[in-house]
Amino acid sequence: MDRINDNALASAADYSDAQRTWSVEQVDALYALPFNDLLHRAHSVHRAHFDPNAVQLSTLLSVKTGGCSEDCGYCPQSARHQTAVQDEPLLSLDAVVAAARAAQEKGATRFCMGAAWRGPKQRDLEKVKEMVRSVRALGLETCATLGMLKPGQAEQLKDAGLDYYNHNIDTEAGFYEKIVGTRTQDDRLETLAQVREAGINVCCGGIVGMGETRRSRAALIAQLANMKPYPESVPINNLVQVEGTPLDGVPALDLLEFVRTIACARITMPKAMVRLSAGREQMPEGIQALCFFAGANSIFYGDKLLTTANPEARRDRALLDKLGMHPMPAPARDAEP
Ligand code: SAM
Ligand code: DTB
Ligand code: SF4
């Protein structure tokens, strides 16, 4: 075994050090471990920090669908790609509250509102703040993903009671400009800094299966792990290929490589919630089970992601039953922000 692999196999204590810095080579070396060694290590880290049989359930709702000005190559909601997604107006407060209530009745503990915007205009943000207040008043944790924020907007969301803001760096810095042309990754980092500064939990991850190399995946994981502090929630999305998007037709990622990505995220970010995100509809149950073993401990729960399909809630409940797993209870807190 070479020296890099020796480093990757350093003591378990190393892996629980939230402050350590990861080089791309070190993450690459984790990826290169024999599958069983990698999963054993990831599962050991997972077990040291979490109930290994609990999974956090978040339901997504697209509160503003389609017509987005950005050109993200993966996304069916960009107005620049000819997809079947229609441009729709912002949903009403009543519609959002009804969806949140239904999600809660099915067992979700967090409700995540997504908008196909480059960033929110102030008058739209006022409406989203009302949504956040009302969803929180139901006793759900709240999450929003609205694009890039202007100074002061994160504070407003915090005051409205927002628990998490999702804003992904999506892919390695060097590969980013091949995927998105209308903004830079630094723009994303700027918003993430504002979210952190406002005291909102950071939900930040990426997408794999976009034709990137393993080295590029290792760089994505290292970049996330080296954030100080690393995100509280790390969604790992497998690209959902959608007809009409530039990335439709890229060779699909080997799903065992997806499991490796989850394991690397767990080892490098021991205390984060690692979210097995988009792509589960196309994933056999056995692969999902391996992801849970490798350290994934949250999923999107409900028949739809934003515009694409997700496994039906009753299928997910049956899968969790089959695996002897259970939903993670929501943290106790007041309904008022
Ligand atoms: N417009 C906002 C933004 O880009 O941050 C919020 C919504 S955007 C749809 C949220 C995230 O969805 C993206 O950052 C990306 O990671 C993920 N996403 C979009 N299309 C996807 C696809 N086809 N497959 C997997 N993940 C996707
Ligand atoms: C995240 O990382 N994945 C979710 C959520 N955050 C907002 C979105 C996945 C979108 C998949 C494509 C779609 O349904 O439009
Ligand atoms: Fe717009 Fe977000 Fe889709 Fe990019 S990922 S096109 S910003 S909705």
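Helices here are DSSP runs of H or I with at least four residues, strands are DSSP runs of E with at least two, and both are numbered from the N terminus. The model on screen is predicted, so that local features need pLDDT of at least 70 and side-chain atom pairs count only at pLDDT 80 or more, whereas totals for chains, interfaces and linings use all residues. Residues are numbered from 1 along each chain as its sequence is written, chains are lettered from A and ligands numbered from 1 in the order in which they are written, and side-chain values use heavy atoms, with hydrogens and water left out.

**Stop 1: strand β7**

Select residues 233-238, which form strand β7; 6 of its 6 residues are buried, so the strand is largely enclosed by the rest of the structure. Buried means under 20% relative accessible area, exposed means over 50%, and partly exposed lies in between, with a 1.4 Å probe and protein chains only. If you colour the two faces separately, you will find Ser233, Pro235 and Asn237 on one side and Val234, Ile236 and Asn238 on the other, with both faces covered.

**Stop 2: from β6 to β7**

Add residues 206-208, strand β6, which pairs with β7 in the parallel sense over 3 bridges; two strands count as paired if DSSP finds at least two bridges between them. Within this pairing, isoleucine 207 stands opposite asparagine 237 of β7. Now show residues 214-225, helix α10, which together with β6 and β7 makes a right-handed β-α-β unit. A crossover is right-handed if, with the strands pointing away from the viewer, the path from the first strand over the helix to the second runs clockwise.

In the loop between α10 and β7, select proline 229, which is joined to lysine 228 by a cis peptide bond with omega of about 0°.

**Stop 3: from β7 to β8**

Next select residues 273-276, strand β8, which runs parallel to β7 and is joined to β7 by 4 bridges. Two facing pairs can be labelled here: serine 233 stands opposite methionine 273, and proline 235 stands opposite arginine 275. Strand β8 is also covered on both faces, with Met273 and Arg275 buried on one side and Val274 and Leu276 buried on the other. Showing residues 255-268, helix α11, brings in the element that makes a right-handed β-α-β unit with β7 and β8.

Proline 246 belongs to the loop between β7 and α11, and with a relative accessible area of 52% this proline is exposed. A distance drawn from the C-alpha atom of proline 246 to that of leucine 30, 216 residues apart along the chain, should read 31 Å.

**Stop 4: from β8 to β9**

Extend the selection to residues 298-300, strand β9, which pairs with β8 in the parallel sense over 2 bridges; the bridge partner of leucine 276 in β9 is isoleucine 299. β8, α12 and β9 make a right-handed β-α-β unit.

Isoleucine 287 is placed in helix α12, residues 285-294, and its relative accessibility of 12% counts as buried. Between the C-alpha atoms of isoleucine 287 and alanine 103, which are 184 residues apart along the chain, the separation is 25 Å.

**Stop 5: ligand 3**

Centre the view on ligand 3 and select Cys68, Glu70, Cys72, Tyr74, Cys75, Ser78, Ala116, Trp117 and Arg183, the residues around it, where the criterion is a residue heavy atom within 4 Å of the molecule. By class, this shell has 6 nonpolar, 1 polar and 2 charged residues; Ala, Val, Leu, Ile, Met, Phe, Trp, Tyr, Cys and Pro count as nonpolar, Asp, Glu, Lys and Arg as charged, and the others, Gly among them, as polar.

**Stop 6: two further residues**

Aspartate 170 is found in the loop between β4 (164-166) and α8 (173-179). This aspartate has a positive phi of about 65° although it is not a glycine, and with a relative accessible area of 4% aspartate 170 is buried.

Finish at proline 329, in the segment after β10 (326-327), which at 67% relative accessibility counts as exposed. Proline 329 and alanine 160 are 169 residues apart in sequence and 23 Å apart in space, C-alpha to C-alpha.
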